[in-house]
Amino acid sequence: MAANKTTHPPFPEIGSTISSKYFCLGRLGKGTFCSIHKCIDLSFAHRPNAESSHSITTGEITNNENDASEEKQRIVAAKAELASFLDSGVIDGEAAVLKFLHVALPLGSVPTFVDYVRPSPQSPISGAAGSSGEQGVSAIIMEYLPGEDMHLLRDRHCSTLESKDKSDKPGNTPRRVSVEDAVYLVADVMLPLLKGMHGVGIVHRDVKPSNVVRTGTTTSNRSFKIVDFGLSKSFVVPKDSTFADAARPWKGLWMSPSFSSTNTESVISNARIVEGTEPKDMAKGGCIRLERESAEFRGTSMYASLRVHQGKDHCPRDDIWGLLYVFCDLVSGGLPWMSHAASRDRNSCQILKEIVLGERGNDDWADEGENGRATAPNPDMVPKNGEDYTEWLLYGAEYHMAKFKRDHAAMRSSQSDEEVEQVRLPEPLALSKNRHFVECLRRAFRHVASLGFAEMPDYDLIDKCLRGFLVKPETTEESEVVPPIDWNDRRSSSKRRKLSNNSKCSIIDTGGVAWDLLDVEDADPLDCNELLEAENDRRAALEAAAAAMDDVSRVTGGASSAANLTNATNVISTNLDPSGSLSGEAADLARLPLQLQFALAQAEFNAQHPDSVPRHWALRDWMALAVPLAHGTWNAAMWERGNHRTDDDGYRNEVHMSMLKKCLDAALPFDNFADRNCFYYPSDDGVTRKRRRIGTSTSDELDKENESPLLVVSRVFYSLRLSLDLERGKNFAPPPKLSFGFGR
């Protein structure tokens with residue numbers, strides 16, 4: 001008998017679930033098409049054969065010693081399609097690409113593909129087959145990467161430098177990293193990742209620092225994985241396709257059209273594609289796709305290659321071209337078009353990139369400058385036709401931003417006939433004066449600029465050009481010295497320490513009763529700080545919403561305008577107000593501590609799939625819900641409906657009653673945990689059984705020698721039923737008081 005399904009808050013609110021399988025802890029970020037959320041995988045301990053030998057801690061299946069399966073993750077990331085882009089097909093394509101790269105590339109290249117959740121009636125247990133989504137949510141479930149992306153890493157590093165040295169000396173550009181760090185991040189990290197993708201026929205099409213994420217936060221962890229494949233696509237097609245270039249056959253692995261995010265079981269074993277079992281179209285082989293005559297712009301203006309700006313079809317050349325821009329940005333702190341990119345002036349970005357490469361000069365500048373964008377107030381800065389201006393890439397952010405401001409001031413002056421004082425530009429970085437560095441860049445850019453659509457970049461040449469910056473520079477000014485990156489993300493560790501000491505979000509009350517499995521292989525890898533952090537975020541959001549309403553009331557004197565009310569309502573909705581944006585059971589659940597919400601979600605998931613979870617694990621999860629309900633203090637003032645309840649008012653606590661019923665129902669599929677497997681290990685000889693190591697404690701003054709885990713569980717059941725009977729005997733509470741303000 002499966003437990004009744006609880007109505008959780010709608011995704012993506014904190015405490016919501018995706019497919020009843022992934023418990024949402026909050027949003028990690030948001031892009032153009034999707035948002036990314038941190039979740040707990042409720043199916044972590046579930047296996048097709050629940051009583052088989054396996055490690056709960058790592059999730060590694062050990063039934064077959066020849067299998068070397070990847071570890072399951074308790075914390076995962078869910079990339080969900082935004083409501084405005086539902087059924088756009090973007091997330092379907094990204095799911096297929098990620099799953100293909102996961103099985104095609106070496107481990108550690110991309111986040112582990114876990115599941116693809118779609119609004120279709122399929123089994124929520126089978127990640128390979130796709131799970132059934134709720135509220136029409138389509139989401140890619142993947143490995144959660146706790147580290148910073150490369151953009152945030154640079155920001156943290158530079159903010160540290162800025163706080164240490166606020167001088168205005170040249171070379172102290174806030175956005176710079178050291179040459180050694182820039183070479184490592186680009187040549188040692190990003191270049192091999194892109195080379196691997198190109199080697200299996202995939203182009204990323206949005207190369208930038210924020211799409212490369214650290215796998216950890218400590219000094220010893222300097223590994224990264226490439227992410228965000230929403231724009232990625234294969235440049236290889238079946239050889240019999242009308243789009244195939246028959247003169248350019250593809251040798252090696254590639255993503256055939258039949259390889260989808262949900263139809264790959266026959267070709268995958270241990271997260272690798274098995275030779276000889278590929279889909280038919282993949283086994284037949286492929287060819288590089290014919291180049292399209294023109295293509296729409298895809299990517300980010302800051303780092304997109306010049307050919308992409310010019311409407312050329314995206315290919316491996318363009319990924320590497322963008323990689324070179326990333327390197328110049330990291331090592332110098334900025335690019336000539338950085339201010340134009342920030343203002344979304346894509347046309348000016350293209351013009352400036354053409355100038356730097358030498359594909360545009362004085363002779364053909366005027367035709368594009370008449371629209372008032374990307375003007376050239378200083379013609380001496382523009383190279384003659386046929387010459388490049390590669391050194392400009394190393395001038396530094398201070399120079400580029402100052403020049404952008406001066407040029408726009410000059411443009412406004414020319415339009416209004418007002419004289420503007422010419423501001424002297426900062427001195428370019430010494431890097432730009434190093435002929436060896438400039439020549440290394442020039443050689444790399446000329447190489448990628450010479451490539452056609454079907455030609456693969458010379459990765460060794462690019463690597464050599466990047467490492468050329470490690471040669472001792474000709475100019476050794478003290479002001480050019482940039483400290484190395486501090487790889488230890490202290491902000492993460494300090495946040496955890498703060499959470500551990502925060503009594504406001506302390507562990508829920510259990511009345512002194514405890515239950516825990518003591519064997520290492522049975523340990524739940526979930527850090528309680530994950531829930532505390534999410535609870536903190538939720539409380540902060542509610543307080544922000546309350547403050548917003550207070551501000552509106554203060555400004556308007558109680559009579560809010562329609563605009564103010566709309567803004568305040570948006571703030572509340574965004575920040576998860578359980579009493580305003582939710583109703584019914586979802587609102588009841590949202591008022592509870594997040595730890596109780598999670599315990600209920602985990603216990604109910606186990607109850608819905610009792611045959612796939614070990615009994616002792618299911619008992620532990622159930623006790624995490626049952627103990628605080630049976631022995632803890634129920635905060636009626638906070639958790640019951642309305643704003644009029646007190647803990648000792650004597651009325652029926654309906655939310656408490658509902659939780660007691662749900663808890664008891666969640667034990668029914670396991671026969672109320674009367675199974676000996678809950679308390680004993682499987683027998684080796686068929687007769688003798690060893691008792692599991694279970695840690696228990698109780699506040700009752702009883703003979704501890706007579707206390708046993710079975711007795712503790714029996715007491716919990718007794719207390720739950722007694723509490724339920726007591727609640728049923730109480731009168732209903734009177735209606736809540738009317739309130740026209742924001743109720744906390």
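The paragraphs below lead through this structure from the whole chain down to single residues.

The model is a predicted one, and its chain holds 21 helices and 18 strands. Of the 744 residues in the chain, 52% are buried, and the surface that the chain exposes comes to about 34600 Å², with carbon and sulfur atoms supplying 50% of it. If one takes the contacts between residues with a separation of 6 or more, then 73% of them are accounted for by residues 24 or more positions apart.

From these totals we can turn to the interior. The largest nonpolar core has 104 residues, and those with the most contacts inside it are F23, L101, F327, W337, F445, I462 and F469. Helix α3, which covers residues 179–199, gives this core its largest share, namely 12 residues. A second core, separate from the one just described, has 45 residues, among them L596, L625, V627 and F679. For a closer view of one member of the largest core, the reader can look for W337: once residues up to four places away in sequence are set aside, W337 touches S301, M302, Y325, C349, L352, K353, V356 and L393.

The strands come next. One open sheet is formed by three strands in the order β12-β16-β13, and the pairing in this sheet is antiparallel. Because β12 (236–238) and β13 (244–250) stand at the edges and each has a single partner strand, one side of each is left without a neighbour in the sheet. From one strand to the next, the twist averages 55°. The pairing of β13 with β16 can be followed residue by residue, since three bridges join β13 to β16 (residues 286–289), and in one of the pairings between residues P249 has C287 in β16 as its bridge partner.

Another antiparallel pairing links parts of the chain that carry quite separate numbers: β17 (residues 514–517) pairs with β18 (residues 694–697) over four bridges. Within this pairing, A514 has S697 in β18 as its bridge partner. Which side chains of β17 are buried, and which are not? The side chains alternate along the strand, with W515 and L517 pointing to one face, where they are buried, while A514 and D516 point to the other face and are not buried.

Several loops also repay a careful look. S43 has its place in the loop between β3 (34–41) and β4 (75–81). Is S43 buried or exposed? Its relative accessible area is 4%, which is under the cut-off of 20%, so S43 counts as buried. Leaving out residues up to four places away in sequence, S43 touches K21, K72 and F605.

A second loop residue, D649, is found between α19 (636–639) and α20 (654–667). With a relative accessibility of 23%, D649 counts as partly exposed. The side chain of D649 reaches two backbone nitrogens, that of T646 at 3.2 Å and that of Y651 at 3.0 Å. D649 can also be placed relative to A636, for the two are 13 residues apart in sequence, and their C-alpha atoms are 9.0 Å apart in space.

Finally, there are some details of the backbone itself. F11 and P12 are joined by a cis peptide bond, with omega at about 15°, and P12 lies in the segment before β1 (17–18). S19, in the loop between β1 and β2 (22–30), has a positive phi of about 60° although it is not a glycine. The relative accessible area of S19 is 4%, so this residue is buried. R205 likewise has a positive phi, here of about 75°, without being a glycine; R205 is found in the loop between β8 (202–203) and β9 (212–214), and with a relative accessible area of 13% it is buried.

Notes. Residues are numbered from 1 along each chain as its sequence is written. This is a predicted model: local features need pLDDT of at least 70, side-chain atom pairs count only at pLDDT 80 or more; totals for chains, interfaces and linings use all residues. Side-chain values use heavy atoms; hydrogens and water are left out. Two strands pair if DSSP finds at least two bridges between them. Helices (H or I, at least four residues) and strands (E, at least two) are DSSP runs, numbered from the N terminus. Axes are lines fitted to C-alpha atoms, for helices over the stretch in contact, and angles run from 0 to 180 degrees between N-to-C directions. Buried means under 20% relative accessible area, exposed over 50%, partly exposed in between (1.4 Å probe, protein chains only). A polar contact is a pair of N or O atoms within 3.5 Å; within protein, one must be able to donate a hydrogen and the other to accept it, and residues adjacent in sequence count only if both atoms are side-chain atoms. A nonpolar core is a set of buried Ala, Val, Leu, Ile, Met, Phe, Trp, Tyr and Cys residues joined through side-chain atoms within 4.5 Å. Contact means heavy atoms within 4.5 Å. Accessible areas come from the Shrake-Rupley method with a 1.4 Å probe; for residues, only the protein chains shown count as cover.
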